[in-house]
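These are my notebook entries on one chain. I looked up helix packing, ring pairs, charges over rings and a handful of single residues.

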Amino acid sequence: MQFETERLSIRRMTMDDLDAVYSHRKNPNTSKYIGAPATLESAKERLIQACQPWKSAVDERLILALVNKQKEKLIGELVFKYVDEEKKVGEIGFRLAEGEIGCGYGYEAAAALIKEAFQSLSVDTIQAICAVGNRQSQRLMLKLGMKRKNRLKAFLDIGGEKHDIYVYQLTKAHYLEL
């Protein structure tokens, strides 16, 4: 899967992306609501997984590189996975390098992935999760047209501590109305 937005080229990861991936994944500020900061080894393992052919199995991640077209620089990653094949539910997520947060790239990338998923992938609902304390992601999901569906207690493990999350969803029918 590969597509573009006004400012971003969104493509499959390659092993040449290791330095950039490690740089944003090791940062405690970009990992705060996702998980422990990465080691070089864990970033490399993630990248090896990202470079494998995607078979679109439930819970198998399709990890895409977000490349700033003007700077020709990898600035983050975008993730899609199927979470319920029978109900045709997919899940998205993203992470940006710290210096790119607040520039609209998260919205631009997520909106493009939602459009691509509804057009090209077999999904009727897109969902995203975020830690209850991650207000920036909550605002982004609402801006994307998603609705908060529920709160799951002690669902996300961040640094050995369990955190509550919100689940947001957008149906294809609602998306077509936007």
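I took axes as lines fitted to C-alpha atoms, for helices over the stretch in contact, with angles running from 0 to 180 degrees between N-to-C directions. Helices (H or I, at least four residues) and strands (E, at least two) are DSSP runs, numbered from the N terminus. The model is predicted, so I kept to its rules: local features need pLDDT of at least 70, side-chain atom pairs count only at pLDDT 80 or more, and totals for chains, interfaces and linings use all residues. Residues are numbered from 1 along each chain as its sequence is written, and side-chain values use heavy atoms, with hydrogens and water left out.

**Entry: helix packing**

Two packed helices are described by the angle between their axes and the distance between the axes. I looked up helix H1 (residues 18-25) against helix H3 (residues 40-51): the angle is about 120° and the axes are 9 Å apart. That makes H1 oblique to H3; angles under 35 degrees count as roughly parallel, over 145 as roughly antiparallel, 65 to 115 as roughly perpendicular and the rest as oblique. I noted the crossing of H1 and H3 as right-handed. A crossing is left-handed if the near helix is turned anticlockwise from the far one by less than a right angle, and right-handed if clockwise.

Which residues make the contact? From H1 I listed Leu18, Val21, Tyr22 and Arg25, and from H3 Leu40, Ala43, Lys44, Arg46 and Leu47. Contact means heavy atoms within 4.5 Å.

I then looked at Leu40, which is found in helix H3. Not counting residues up to four places away in sequence, Leu40 touches Leu18 and Tyr22. Leu40 is partly exposed, at 46% relative accessibility; buried means under 20% relative accessible area, exposed over 50%, and partly exposed in between (1.4 Å probe, protein chains only). Leu40 and Tyr168 are 128 residues apart in sequence, and their C-alpha atoms are 31 Å apart.

Asp16 is in the loop between strand E2 (8-12) and H1. I have Asp16 down as exposed, with a relative accessible area of 76%. From Asp16 to Leu47 the C-alpha distance is 9.5 Å, across 31 residues of sequence.

**Entry: aromatic pairs**

Rings of Phe, Tyr and Trp (its six-membered ring) pair if their centres lie within 6.5 Å; planes under 30 degrees apart count as stacked, over 60 as edge-to-face and the rest as tilted. By this rule I have five aromatic pairs. One of them is Phe80 with Tyr82, edge-to-face, at 5.1 Å centre to centre and 85° between the planes. Are Phe80 and Tyr82 buried or exposed? Phe80 is buried at 0% relative accessible area, and Tyr82 is buried at 10%.

The rings of Tyr166 and Tyr168 have centres 6.4 Å apart and planes at 85°, so I entered this pair as edge-to-face. Tyr166 counts as buried at 11% relative accessibility, and Tyr168 is buried at 0%. I also noted a cluster in which ring pairs link Trp54, Phe80 and Tyr82.

**Entry: charges over rings**

A charge sits over a ring if NZ of Lys or CZ of Arg is within 6 Å of the ring centre and within 35 degrees of the ring normal. Tyr166 appears here again, with the charged end of Arg148 over its ring, 3.7 Å from the centre. Lys143 lies over the face of Tyr107, 4.6 Å from the ring centre.

**Entry: loops and helix H4**

I checked two residues other than glycine for a positive phi. Ser56 has phi near 60° and is in the loop between H3 and strand E3 (62-68); its relative accessible area of 35% makes it partly exposed. Lys88 also has phi near 60° and is in the loop between strand E4 (73-84) and E5. Lys88 is partly exposed at 34%.

Glu100 lies in the loop between strand E5 (89-96) and helix H4 (105-120). Glu100 is buried, with a relative accessible area of 5%. Leaving out residues up to four places away in sequence, I found Glu100 touching Lys71, Lys73, Ile75 and Tyr105.

Ala109 is in helix H4 and is buried at 1% relative accessible area. What does Ala109 contact beyond its neighbours within four places in sequence? I listed Leu8, Ile10, Leu66 and Leu78. The C-alpha atoms of Ala109 and Phe3 are separated by 9.9 Å, with their positions 106 residues apart along the chain.
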